[in-house]
Amino acid sequence: GPVLVPVLGDQLSHGLSSLADRSPADTVVLMMEVWDETQYVRHHKAKIALIFSAMRHFAEELRERGFTVDYITLDDPANSGSFTGEVSAAVARHKARGVQISEPGEWRVRQMIDAWRESLDVRVRVLPDTRFVCPLPDFFEWAAGRKQWRMEYFYRDMRRKTGLLMDGDKPVGGKWNFDADNRGGPDADCRPPAVAQFKPDAITREVLDLVAARFPDHFGSLEDFAWPVTAAQAAQAFDRFLKTRLPLFGRYQDAMMAGADTMYHAVISPALNIGLIDPVEMCRLAETEWREGRAPIEAVEGFIRQVIGWREYVRGIYWLTMPDLAQANELDATRPLPEFWWTGETQMACIADCVRTTRKTAYAHHIQRLMVMGNFALLAGLSPQDVADWFLVVYADAFEWVELPNVAGMALFADGGKLASKPYAASGAYIDRMSNYCGQCAYDVKKKVGKNACPFNALYWDFLARNEDKLAGNPRLANPYATWRRMNADKQAEYCDSAAAFLQTLQPARKGWARG
Ligand code: DLZ
Ligand code: SF4
């Protein structure tokens, strides 16, 4: 019989390693919409719709290329509901002589695939995912050779490896990193152009109906669904970014404006993380914009660093530190997620805006996720597992390999500083500098304590006080701890009391939004 090649919902790339050496005549591609993948967390409706629609479009493209595709829809009466059930049924149905699959993005799925070696009678071949610049064994070797892991050094290796922004063996412009020129707050020049929107075609409309019918109580809305669902659309969306937003991408990378849901970001991560566009190709196109004088180096370098630096780095850390990373809780944070993380019903204008855009589009940009949601979770001591579940549910681009290191490592310091050198903790003043939220907020960002003071202010000091044992030795927190110790005891107590009073008001979520 033929070789069975299961292609998962985030493996929608024609250059996928499992397909690259297969001749269509001797191959059956298996694609499966399965209940279990929709429920391991109860994903945002638009995330499920994106994946199903992109899968159905990709199956059509494979057929056009001559492949036989066995496509199992969610409502197929014989659907067993799991990858394992469907692969084993398909092996029997096609009398397959072997199974070949590209390594999956998530640990959970890797465990399943490894178990197939026992449960299936045929040979199971797992190939590396060549859509990443850094193969996992190379990352493990890089990490093993170091006492401390830091993205910056890893990133330089990726620059050398890809040749991106290099002049021979030197970085262009004489510097690896131009971040000092980025990070402006919003100002009068900040008028972000619209991102490309894709009107649902017949395939997408059918998927939207399916998702609305089968997942009515999942988080999020389907009304504004406009994601690219094919490689051609992803290329078009990315081209729009290059032409209209890249030049100011760096300058406003850390800025937030109420109602400006995408700012100058590429908004390409949902397409990228399911395989519709290639990361290195994207970076080459961005580099061309700089070489031809259409975008400044700080914007282009910053973009390329996110893609071949940070994205590859977090993936390496994920595979290096799983399964422990999923349980990590260095700061012993146990508070359940407040209800308003799901409803957006809070007087905090910054959080309300972030939750609003998240429900509407299954997207929020980098700094909303980090400075508002992640920072709040860190300061309030929310449970890292609850926070990780939330991020995995609500964002269309969230797969555990990228979501968990960002949440547990970058935002919450739950890994004790393996990924990042200090907790990303910020008070209201910093949110105020980088956004226009505070002017429209019921709370007063200038007030430090008391009922209508910005909650981030007291929470910030309370967080440092609560975690003094674990964090005071961190050289990068020397300044805040010195300030804390200079305060008199009354003032310290006022901060802690004010924080406690606020934390008292948090209502835990009333229903199991993330897990049934
Ligand atoms: C996230 C997701 C969802 C909701 N549904 C499916 C599905 O029905 N079929 C599928 O192949 N993939 C789905 N995915 C993506 C998978 O969960 C993803 O491939 C793994 O999590 C990565 O290891
Ligand atoms: Fe957020 Fe505080 Fe500003 Fe309100 S005042 S928007 S809570 S940072």
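Analyst: Glad to walk through this with you: the helices named here are DSSP runs of H or I with at least four residues, numbered from the N terminus. Please keep in mind that the model is predicted.

User: Thanks! Which helices each supply at least two residues of the shell around ligand 1?

Analyst: The shell around ligand 1 holds 16 residues. Among the closest are Leu8, Gly9 and Pro104. The helices that each supply at least two shell residues are α2 (35-39) and α3.

User: How many residues of the shell around ligand 1 are charged?

Analyst: Glu37 and Glu106 are among the closest residues to ligand 1, and Glu counts as charged. Across the shell there are eight nonpolar and four polar residues. The number of charged residues in the shell is four.

User: Which helix gives the largest share of the largest nonpolar core?

Analyst: That core has 156 residues, and Ile268 and Leu412 touch the most other members. Its largest share, ten residues, comes from residues 45-64, helix α3.

User: How are helices α6 and α13 oriented to each other: roughly parallel or roughly perpendicular?

Analyst: Helix α6 (residues 136-144) packs against helix α13 (residues 297-321) at about 80°, with the axes 10 Å apart. Angles of 65 to 115 degrees count as roughly perpendicular. The two helices, α6 and α13, are therefore roughly perpendicular.

User: And how many nonpolar residues does the contact of α6 with α13 have?

Analyst: From α6 come Leu136, Phe139, Phe140 and Ala143, and from α13 come Gly316, Trp319 and Leu320. Gly counts as polar, and this contact has one polar and no charged residues. The number of nonpolar residues is six.

Technical notes:
Residues are numbered from 1 along each chain as its sequence is written. Chains are lettered from A and ligands numbered from 1 in the order in which they are written. This is a predicted model: local features need pLDDT of at least 70, side-chain atom pairs count only at pLDDT 80 or more; totals for chains, interfaces and linings use all residues. A nonpolar core is a set of buried Ala, Val, Leu, Ile, Met, Phe, Trp, Tyr and Cys residues joined through C-beta atoms within 7 Å. A residue is buried if 20 or more other C-beta atoms lie within 10 Å of its own, exposed if 12 or fewer, and partly exposed in between; C-beta atoms are placed from the backbone. A residue is near a molecule or strand if its C-beta atom, placed from the backbone, lies within 6 Å of it. Axes are lines fitted to C-alpha atoms, for helices over the stretch in contact, and angles run from 0 to 180 degrees between N-to-C directions. Angles under 35 degrees count as roughly parallel, over 145 as roughly antiparallel, 65 to 115 as roughly perpendicular and the rest as oblique. Two residues are in contact if their C-beta atoms, placed from the backbone, lie within 7 Å.
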